[in-house]
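Please take a moment with the sequence and the structure shown here, and then follow the explanation below.

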Amino acid sequence: QVQLVESGGGLVQPGGSLRLSCAASGSIFSISSMSWYRQGPGNQRDLVATRTSGGSTNYADSVKGRFTISTDNAKNTVYLQMNSLKPEDTAVYYCRAFVVGPRTGTYWGQGTQVTVSS
């Protein structure tokens, strides 16, 4: 079994910063990609950023230049550094990983709330 555990959410003022973390554990041979998604109230879950094991990254237009995704492959951990936060960034943030192992597939974390408000 594979588990993804997120941390680092919270309340921050507009213009502030937060760093999210997501650690994968369990029966893992390798991880092909790790991503962050977010879901605001009444909205669908949208891709924020993704990073492949080869180091390629992709960002939603709305976060380019403000958010940075990075990984620590030795720790099976993905980070999302969020700067210049805006109220519209308020959402539950989920990490996703494509894991290669005894049960290869896509796994999701439980989500962490990020609220940007003064």
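The paragraphs that follow go from the chain as a whole to two of its residues.

The model is a predicted one, and the reader should keep that in mind throughout. In terms of secondary structure, the chain holds zero helices and eleven strands, so that reading along the sequence gives the pattern β-β-β-β-β-β-β-β-β-β-β. The radius of gyration is 14 Å, close to the 13 Å that the globule rule gives for 118 residues, and the chain is therefore as compact as a globular protein of that length. Along its principal axes, the C-alpha trace spans about 45 × 25 × 25 Å.

How the chain is packed can be described through its contacts and its surface. Among the contacts with a separation of 6 or more, 54% are made by residues 24 or more positions apart. Of the 118 residues, 41% count as buried, while the accessible surface of the chain comes to about 6,100 Å², with 45% of that area belonging to carbon and sulfur atoms. As for charge, there are 10 positive and 6 negative side chains, and the centres of these two sets lie 5 Å apart.

With that overall picture in place, the first residue to look at is T112, which is found in strand β11, the stretch made up of residues 112-116. T112 has a relative accessibility of 12%, and because buried means under 20% relative accessible area, it counts as buried. Leaving aside residues up to four places away in sequence, T112 touches E6, G9, L20, A91, V92 and Y93. One of these neighbours, G9, also appears in a polar contact, since its backbone nitrogen lies 3.3 Å from a polar atom of the T112 side chain.

The second residue is R66, which is placed in the loop between β6 (57-59) and β7 (67-72). Is R66 buried or exposed? With a relative accessible area of 10%, R66 is under the 20% cut-off and is therefore buried. The side chain of R66 reaches the backbone oxygen of S62 at a distance of 2.8 Å. Again not counting residues up to four places away in sequence, R66 touches Q81, M82, N83, S84, L85, K86 and D89.

Taken together, these two residues give a view of the chain from a strand and from a loop: T112 belongs to β11, whereas R66 lies between β6 and β7, and each of them counts as buried, T112 at 12% and R66 at 10%.

How values were computed
Residues are numbered from 1 along each chain as its sequence is written. This is a predicted model: local features need pLDDT of at least 70, side-chain atom pairs count only at pLDDT 80 or more; totals for chains, interfaces and linings use all residues. Side-chain values use heavy atoms; hydrogens and water are left out. Helices (H or I, at least four residues) and strands (E, at least two) are DSSP runs, numbered from the N terminus. Buried means under 20% relative accessible area, exposed over 50%, partly exposed in between (1.4 Å probe, protein chains only). A polar contact is a pair of N or O atoms within 3.5 Å; within protein, one must be able to donate a hydrogen and the other to accept it, and residues adjacent in sequence count only if both atoms are side-chain atoms. Contact means heavy atoms within 4.5 Å. The radius of gyration is taken over C-alpha atoms; the globule rule is 2.2 Å times the number of residues to the power 0.38. Accessible areas come from the Shrake-Rupley method with a 1.4 Å probe; for residues, only the protein chains shown count as cover. Lys and Arg count as positive and Asp and Glu as negative; His and the chain ends are not counted. The place of a charge is taken as NZ of Lys, CZ of Arg, CG of Asp or CD of Glu.
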